Amino acid sequence: MRIPRELEKLMFFGIFLCLDAFLYVFTLLPLRVFLALFRLLTLPCYGLRDRRVLQPAQVCDILKGVILVVCYFMMHYVDYSMMYHLIRGQSVIKLYIIYNMLEVADRLFSSFGQDILDALYWTATEPKERKRAHIGVIPHFFMAVLYVFLHAILIMVQATTLNVAFNSHNKSLLTIMMSNNFVEIKGSVFKKFEKNNLFQMSNSDIKERFTNYVLLLIVCLRNMEQFSWNPDHFWVLFPDVCMVIASEIAVDIVKHAFITKFNDITADVYSEYRASLAFDLVSSRQKNAYTDYSDSVARRMGFIPLPLAVLLIRVVTSSIKVQGILSYACVILFYFGLITLKILNSIVLLGKSCQYVKDAKMEEKLFNPPPASMPGKPGSKSQNKCKSSQGLSTEENLSASVTSQPVHQKESVIPLLVTSNSDQFLTTPDGDEKDITQENSELKHRSSKKDLLEIDRFTICGNRID
């Protein structure tokens with residue numbers, strides 16, 4: 001019975017993390033692109049004192065901005081109305097199968113797309129000895145543009161299918177699509193789960209829930225536009241929106257409750273998951289951080305904001321017509337409101353994250369540098385200390401020199417992974433062995449926290465090269 005409360009705390013925190021990374025695309029990214037272009041244009045005034053024309057972070061910002069603009073103009077060639085009527089003409093069962101296929105394709109696209117974007121940022125910012133090596137950025141850039149465009153179309157088809165379900169007369173398609181959520185229970189409840197697997201599934205659920213909220217926003221915008229922004233039609237849509245959200249929450253609660261029951265996992269594990277997400281946020285705000293915060297969120301949850309942002313910009317610009325000076329003034333005020341919301345959200349998240357990290361006693365992982373390995377044959381105590389220091393300082397180990405090759409990075413990451421800790425949930429014996437087993441359980445409890453920080457750290461392309 002404690003699972004719903006602890007799970008919703010994690011979901012609430014994770015959704016605001018995704019919102020922070022999503023708002024970054026609309027608020028701070030245009031400002032950073034403007035500053036990078038301003039530096040590029042005023043470069044003759046400063047002279048070439050440094051070898052680099054732009055900082056690596058500025059290069060990544062310009063690439064993100066160009067990808068957004070190019071994909072936005074490409075999306076104008078996709079007719080939303082024709083897609084809507086094409087989908088509406090299909091049978092209910094066919095639409096149900098299409099929606100299932102789209103959900104699977106969305107997860108595969110997210111996994112593959114993050115690797116494409118990482119490869120683009122890496123090739124654009126790595127130090128190059130020859131000028132000919134800069135040509136390698138071009139194919140990576142076209143691959144990234146193609147990926148963002150295709151993923152945006154896939155999400156648009158998802159939103160259109162959901163819109164058809166909302167506007168169907170007998171609501172049978174909406175009922176079938178909601179029942180699709182309950183299929184997740186059958187596919188996941190009766191499988192064996194470790195704590196790390198449950199962490200990955202929780203992150204996936206956070207990303208899925210946030211994406212569904214954005215899809216519902218797109219559906220409401222399209223419907224309100226068709227009815228000339230009549231507020232009475234919003235209250236017609238409101239029960240269906242609440243029903244979709246309620247079914248998603250109920251399925252997540254039932255799924256996690258039975259998974260933790262069948263695998264003997266306590267409800268306290270969700271506070272550990274929340275602390276590990278908070279640790280990512282706090283470590284990315286340090287001066288010596290190598291990973292941008294949006295990249296760490298993308299790697300943890302599989303949430304890539306660029307395709308979703310392209311689609312939302314396309315839908316908003318086609319649904320809302322801006323005419324006259326007053327309309328442009330409202331757009332500017334809305335933009336400043338988004339910036340204010342982003343800053344306030346970041347401040348609150350950072351404060352909460354520091355509190356969660358302090359409660360989980362993970363502060364030493366942020367400030368203690370990793371000890372240097374001593375040559376010779378160390379004793380058993382020194383070996384244990386080295387192992388614990390490796391677990392404690394995964395962020396520092398993974399933020400090694402970016403000029404090293406990815407093979408060496410992977411070799412240093414893989415030995416850090418620890419085997420499963422399912423034995424710690426067994427009942428402890430009575431008598432004198434109780435103290436020993438308590439110490440062992442504490443050690444295993446600590447090692448499980450180390451494992452959570454090592455999930456989804458198998459690529460170095462997302463590392464920031466400041």
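Let's start with Asp268, which is partly exposed at a relative accessible area of 38%. Keep in mind as we go that this is a predicted model. Asp268 has a salt-bridge partner in Arg2, and the closest N and O atoms of the two are 2.9 Å apart. Where do Arg2 and Asp268 lie along the chain? Arg2 belongs to the segment before helix 1, while Asp268 is in the loop between helix 10 and helix 11 (269-284), so the pair ties together parts that are 266 residues apart in sequence. Arg2, like its partner, falls in the middle class for accessibility: at 42% relative accessibility, Arg2 counts as partly exposed.

That contact is one of 13 salt bridges in the structure. Side chains of opposite charge can pair when their charged atoms come close. Next, have a look at Glu8 and Arg209, whose closest N and O atoms are 3.1 Å apart in another salt bridge. This one also links distant parts of the chain, with Glu8 in helix 1 and Arg209 in helix 9, 201 residues apart. Are the two ends of this bridge buried or exposed? Glu8 is partly exposed, at 23% relative accessibility, whereas Arg209 is buried, at 2%. The cut-off for buried is under 20% relative accessible area, so Glu8, at 23%, counts as partly exposed.

Helix 9 turns up again with Lys195, whose side chain meets that of Glu272 in a salt bridge at 3.3 Å, N to O. Glu272 sits in helix 11 and Lys195 in helix 9, which puts these linked parts of the chain 77 residues apart. Here both partners, Glu272 and Lys195, are buried. Some salt bridges also share partners, and in that way Glu8, Asp205, Arg209, Asp252 and Lys255 are joined into one network.

Now for the rings. The structure holds 17 aromatic pairs. Take Phe258 and Phe262: their ring centres are 5.8 Å apart and their planes meet at 40°, so the pair is tilted. Why are Phe258 and Phe262 separated by about one helical turn? Because they are four residues apart in helix 10 (residues 231-262). As for accessibility, Phe258 counts as partly exposed at 38%, and Phe262 counts as partly exposed at 42%. Elsewhere, ring pairs link Phe22, Phe26, Phe210 and Phe303 into a cluster. Tyr356 offers another kind of ring contact: the charged end of Arg274 sits over the Tyr356 ring, 4.3 Å from its centre.

Phe26 from that cluster brings us to the largest pocket, which holds about 1300 Å³ of space. Which residues are closest to the centre of the largest pocket? Out of 33 lining residues, they are Phe26, Ile313, Val316, Phe334 and Leu338. Two or more lining residues come from each of helix 1 (3-26), helix 2 (28-41), helix 4 (56-75), helix 9 (195-226), helix 13 (305-319) and helix 14 (325-359). Helix 1 gives the largest share, with seven residues. By class, the lining of this pocket is made up of 31 nonpolar and two polar residues, with no charged ones. Helix 1 and helix 9, then, both contribute to the pocket lining, and the Glu8 and Arg209 pair links these two helices.

Notes: Residues numbered from 1 in each chain as written. Predicted model: local features only at pLDDT ≥ 70, side-chain atom pairs only at ≥ 80, totals over all residues. Heavy atoms only, no water. Phe/Tyr/Trp six-rings, centres within 6.5 Å; stacked < 30°, edge-to-face > 60°. Buried < 20%, exposed > 50% of the residue type's maximum accessible area, 1.4 Å probe, protein only. Lys NZ or Arg CZ within 6 Å of the ring centre and 35° of its normal. 1 Å grid on protein atoms, 1.4 Å probe; cavity = no way out; pocket = protein on both sides within 12 Å on 5 of 7 lines; lining within 4 Å. Points joined across faces, edges and corners; volume = space filled by probe spheres on them. Nonpolar A, V, L, I, M, F, W, Y, C, P; charged D, E, K, R; others polar. Salt bridge = Lys/Arg side-chain N within 4 Å of Asp/Glu carboxyl O.
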